[in-house]
Amino acid sequence: VRVIFVLSLLAQSFAAHSFEMFCPASVQTMRLRGGGRSAPMPSMGLGVGDTLDKGLELFMREDGKSNKYTTEQLFSGKKSVVFAVPGAFTPTCSEKHLPSFINLHDELKAAGVDLIACVSVNDPCVMQAWGKASAADGKVVMLSDGNGTFSAAIGQLVDKSAGAMGMRSNRYAMVLDKELRVELLALEEGGYGKTSAEAVLAFVKGK
């Protein structure tokens, strides 16, 4: 019995070590207190001073089609503000986050921003419908990360299963220069404010 117990401990240790070695940081898990199930947490991922991978892909619904664009096609040569939300049509996202960028579109443009884009782990049709319902056309580009691959690549894919949402993007706001270098990456810690258009505008004006 003692031998079996020791072997079991060794097997568990090997499995945990192998997971950390071979599983990407963006999908590694943290054990919740009280013996709850594991929940994927965002990795360190992209940070200020890093350059966004030019080959990552996002989608837009245009003329009845879901078109794929690389980050280079979307952001290269433009000073860009990219903000992400956990879900289209959800309360904070629809009542505060997206409207803040729509309302301050002109001020952000006057401060030197060329492109404002919203990213969410929703399909292209939903993102298009949300944009139209929010009067975002011509102000905020609505980008779909339907499979979560963009969010995972930059370390911002999180598990929202507790709210029946599955894997979603963390809420963040990012400023990219024309070479896709990250100038700002603001993250929320359970609330809302750091990633608002007001906060981004203050940063851009202060540059």
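This tour goes through a predicted model, starting at strand β5 and moving outward to its partner strands and the nonpolar cores.

Begin by selecting β5, residues 80-85, and colour its residues by relative accessible area. Of the 6 residues in this strand, 6 are buried, so β5 is largely enclosed by the rest of the structure. The covering applies to both faces, with Ser-80, Val-82 and Ala-84 buried on one side and Val-81, Phe-83 and Val-85 buried on the other.

Next, add the two strands that pair with β5. β6 (115-120) runs parallel to β5 and is joined to it over 6 bridges, and within that pairing Ser-80 has Leu-115 as its bridge partner. β10 (172-176) runs antiparallel to β5 and is linked to it by 5 bridges; here Phe-83 stands opposite Ala-173.

Now keep Phe-83 selected and extend the selection to the largest nonpolar core, which has 26 residues. Phe-83 is among the members that touch the most others, together with Phe-101, Cys-118, Trp-130, Val-140, Met-142 and Val-200. Elements that each supply at least two residues of this core include, besides β5, β6 and β10, the strand β11 (182-187) and the helices α3 (91-103), α5 (124-133) and α7 (197-206).

From there, centre the view on Met-142 and display its surroundings, leaving out neighbours within four places in sequence: the contacts are Phe-59, Met-60, Leu-98, Cys-118, Met-127, Trp-130, Gly-131 and Ala-136. Finally, select Leu-46, Ala-84, Leu-115 and Val-119, which are included in a second, separate core of 21 residues.

Conventions
Residues are numbered from 1 along each chain as its sequence is written. This is a predicted model: local features need pLDDT of at least 70, side-chain atom pairs count only at pLDDT 80 or more; totals for chains, interfaces and linings use all residues. Side-chain values use heavy atoms; hydrogens and water are left out. A nonpolar core is a set of buried Ala, Val, Leu, Ile, Met, Phe, Trp, Tyr and Cys residues joined through side-chain atoms within 4.5 Å. Buried means under 20% relative accessible area, exposed over 50%, partly exposed in between (1.4 Å probe, protein chains only). Helices (H or I, at least four residues) and strands (E, at least two) are DSSP runs, numbered from the N terminus. Contact means heavy atoms within 4.5 Å. Two strands pair if DSSP finds at least two bridges between them.
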